[in-house]
Amino acid sequence: MTTIKDSVHDHIEVEGAAEALLDTPEMQRLRRIKQLGTVQLVYPSANHTRFEHSLGVYHLASRALSHLGIEGDAAAHVEAAALLHDVGHGPYSHNIEEVTQRHTGKYHDDVDELVTSGNVGDVLESEGLDPTRVAALVAGDGEFGQLVSGELDVDRMDYLVRDAHHTGVPYGTIDHERLIRELAFVDGELVLAEGNVQTAESLLLARALMNPTVYRHHVARISKAMLRRASEKLLAEPDIDADELRRMDDYDLLVALRLNPSTNEFAERLANRTLYKRAVWAELPDVPESVIDADHETIVDFEREIAARADVPPESVILDVSSRPSMTESSSRVMVNGEIRQLERESPLVQALRTAQEQQWRLGVYAPSDETERVGRAAADVLGLDIDGALVSEVRRSLNTTLDEFE
């Protein structure tokens, strides 16, 4: 057994197959992938890694299994899946997953080839575990897969607490010990036991508050969009493909971007935090449906048209269209009066948080600081936006800003 000191859970005891998996190259690679990608450009202490998070998820999975009375072979498979659940993440975590998925058709939890073969597969088999079964659990399949990937999974419980801890933002603080203690399987579904509507609400509220302050902070969105653009340009070069890109770590990608003439400027801007600025920051009601639902090719066409109208180089315009607001946690199951119910049926908070999400939604158009005014006006024309509510003409550094600053 190995005991590891963790910043969030104190001491984590790792044993069995999980201990043997720790030193595989696939797990060690996660030490070189930041959990929050470019969020460190907003919160400098957000330098925690996918490796730390994976240990935390393993720890919470072990505690949940113990509480649920699941032991032996079933528990060992779930613990291995919990430790390996992020082994498929590409560099900068979710930041460029949209790019690699578009080219490969695979998301970070499509880990079959990593888990069923090579070092990881060999370790699992030597420990008497079925690699295919572990990969299925990572994908959330089966009854026990809900613990690894589902509305009440231990993944979410760890990253909310860990991200809040390392950013210094208090909104992600949840009582994960109570959440684990109140988990139960009822008719094959993972639910929170009777009397825990508020416990489920705490998970929902934490995520809803972390979104605008951390995950969708405008600087995080700008840097993420710049990294996506740079990665797309890198994939247009003949000497690298998306499968290779998604197996890089953060350092590999930054070096590749720096060495390539077509992406060097983006790499330097990201490394030195010389980021693009907001030319447009538009609310949901002010954006046409056709723009909100535009596919990647249409967005690229919009960017080219905006650049041409503003008379700036094409690389000076980045259109960042967020997906429509969603709240998967609202479908969490809780026991109420002896019956399984979805949280959204029982919680008056759900609709309020949905409304808040819609009000916080923003479409962004980003450009170099000396081109924002021209790009902003061109974007408003091309996209059919409400100019008064969309253009960003001033950012006052001396004041605390909110998402509604430019209304």
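In this predicted model, the side chains of R50 and H89 are joined by a polar contact of 3.3 Å. R50 also reaches S93, again side chain to side chain, through a polar contact of 2.9 Å. R50 belongs to helix α3, which covers residues 50–68. Is R50 buried or exposed? Its relative accessible area is 5%, and buried means under 20%, so R50 counts as buried. Leaving aside residues up to four places away in sequence, R50 touches L30, I33, K34, Q35, D86, H89, S93 and H94. H89 and S93, the two polar partners just met, therefore turn up in this list of neighbours as well.

Next comes a small check on helix α18, residues 296–310. With 15 residues at 1.5 Å a residue, α18 should span 21 Å, and its end C-alpha atoms do sit 21 Å apart, so the two values agree. Which residues of α18 are buried? They are I299, F302, E303, I306, A307 and A310. Looking down the axis of α18, these buried residues fall within an arc of 130°, which means that they line one face of the helix. On the face turned away from that buried side, α18 carries the exposed residues R304 and A308. And what covers the buried residues of α18? The cover includes two helices with the residue ranges 218–235 (α13) and 372–383 (α21), along with α17 (289–292) and the strand β6 (318–320). Right after α18 comes D311, and the phi of D311 is positive, near 60°.

Strand β6 leads on to the sheet. Three strands make up an open sheet, in the order β5-β9-β6, with antiparallel pairing. Strands of a sheet pair through backbone hydrogen bonds, and that pairing can be either parallel or antiparallel. At the edges lie β5 (277–283) and β6, each of which pairs on one side only. On average, and with direction ignored, neighbouring strands of this sheet are turned by 15° against each other. β5 and β9 (residues 362–367) run antiparallel and are joined by six bridges. Within this pair, W281 stands opposite G364 in β9.

Helices pack here too. α13 packs on the sheet and touches β5, β6 and β9, with its direction making about 60° with that of β9. α21 lies across β5, β6 and β9 too, running at about 30° to β5. Both α13 and α21 were already met above, among the elements covering the buried residues of α18.

Key:
Residues are numbered from 1 along each chain as its sequence is written. This is a predicted model: local features need pLDDT of at least 70, side-chain atom pairs count only at pLDDT 80 or more; totals for chains, interfaces and linings use all residues. Side-chain values use heavy atoms; hydrogens and water are left out. Helices (H or I, at least four residues) and strands (E, at least two) are DSSP runs, numbered from the N terminus. The expected span of a helix is 1.5 Å times one less than its number of residues. Buried means under 20% relative accessible area, exposed over 50%, partly exposed in between (1.4 Å probe, protein chains only). The arc is that of the directions from the helix axis to the C-beta atoms. Contact means heavy atoms within 4.5 Å. Two strands pair if DSSP finds at least two bridges between them. Axes are lines fitted to C-alpha atoms, for helices over the stretch in contact, and angles run from 0 to 180 degrees between N-to-C directions. A polar contact is a pair of N or O atoms within 3.5 Å; within protein, one must be able to donate a hydrogen and the other to accept it, and residues adjacent in sequence count only if both atoms are side-chain atoms.
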